[in-house]
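Subject: Structure for you to look at

Dear colleague,

Here is the structure I said I would pass on. Please open it before reading the notes underneath.

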Amino acid sequence: MPSLRDIRTRIGSVRSTRQITKAMKMVSAAKLRRAQDAVLKTRPYAMLLDQTLSRLAARAAAEEQVAHPLLAPRAQRTAEVVVVTSDRGLAGGFNSNICRFVQRFLTENADRFERIALATVGKKGREYFKARNLPIRRDYTGIHANLAYEKAEALAREATERYLAGEVDAVFLAYNEFKSAISQKQAVVQLLPVDTSAASADTAGVDFRYEPSREALLADLLPRHVAMQVWRALLESAASEHGARMSAMESATKNAEEMIASLSLQYNRARQAYVTKELSEIVSGAEAL
């Protein structure tokens, strides 16, 4: 049976842990509010840009005009999946869920592509796939430390250059989509070639006059669209991470409080037994005298 000193030491250790988890929960809650605001402000712009591209692409296809290379379909032999995770843990199943989701995606599409490469954004994704001996073409470091649109634009530019050079036939983006503070949805979306079929416009409606031309507008908007998709994925993942960490730290704090209550009860019982034993010894000694 543990001594009173051991129980007191353990209670102090659990109290310190509770203080840390409570502080981490408060920090994540503050970060979540800012990240959630950024996501909600970005979604309407990304959706409107996607609708505009869909209308332009549908018109170009209807009039049999030359489409942009980022829209042109081609035989897909090689693919790359960019996996967005976090740099830190203590976020519940945030990282493991998206990594397992990507692993299932690789298994299900093994017959579709001759080769599927991986690129990771975040240390946890890199560690997960390295532990399973899955080759990683590139690890993008330092993105989460200071999240900025320029970093998303650079990542999108590199993916676009590799696609146009024929090094890869399709690029997918895997991330946790933010739903609420306690809910995230794993998603794998096609980044390249740009898919506009889901929101294709009605080509029978009224069209607009484009200056300088529809082709020039596509050439300008498509790189912006790819960069915006990457930026949105990073923001969605950041908000999901803070929400998952806040929930995980709240659960850890509750578990610590329950453990403290249990240890305090154990300590009081042990102390009572110790006092009772001493009283019994005193009474026995007095009777012996």
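What follows concerns the two domains and the interface between them. Please keep in mind that this is a predicted model.

The assignment splits the protein chain into domain 1, made of 4-25 and 250-288, and domain 2, made of 26-199 and 207-247. Taken over C-alpha atoms, the centres of domain 1 and domain 2 lie 51 Å apart.

On the interface itself, six residues of domain 1 are in contact with eight residues of domain 2. The two domains bury about 580 Å² between them, and 48% of that area is on carbon and sulfur atoms. On the side of domain 1, Met24, Lys25 and Glu250 account for 75% of the area buried against domain 2, more than any other three residues.

As for polar interactions, there are zero salt bridges across the interface of domain 1 and domain 2. Polar contacts are found there, however: twelve residue pairs, with both residues at pLDDT 80 or more.

Which helices supply the side of domain 1 that touches domain 2? Helix H1 (4-62) and helix H5 (214-288) each give at least two residues to it. H1 provides the largest share, with four residues. By type, the residues on this side of domain 1 are two nonpolar, one polar and three charged. So that the contrast is not missed when you look at the model: three charged residues sit on that side, yet the count of salt bridges across the interface is zero.

Regards

Terms used. Residues are numbered from 1 along each chain as its sequence is written. This is a predicted model: local features need pLDDT of at least 70, side-chain atom pairs count only at pLDDT 80 or more; totals for chains, interfaces and linings use all residues. Side-chain values use heavy atoms; hydrogens and water are left out. Domain bounds come from an automatic or database domain assignment. Contact means heavy atoms within 4.5 Å. Buried area is the accessible area (1.4 Å probe) that two parts lose on being put together, summed over both. A salt bridge is a side-chain nitrogen of Lys or Arg within 4 Å of a carboxyl oxygen of Asp or Glu. A polar contact is a pair of N or O atoms within 3.5 Å; within protein, one must be able to donate a hydrogen and the other to accept it, and residues adjacent in sequence count only if both atoms are side-chain atoms. Ala, Val, Leu, Ile, Met, Phe, Trp, Tyr, Cys and Pro count as nonpolar, Asp, Glu, Lys and Arg as charged, and the others, Gly among them, as polar.
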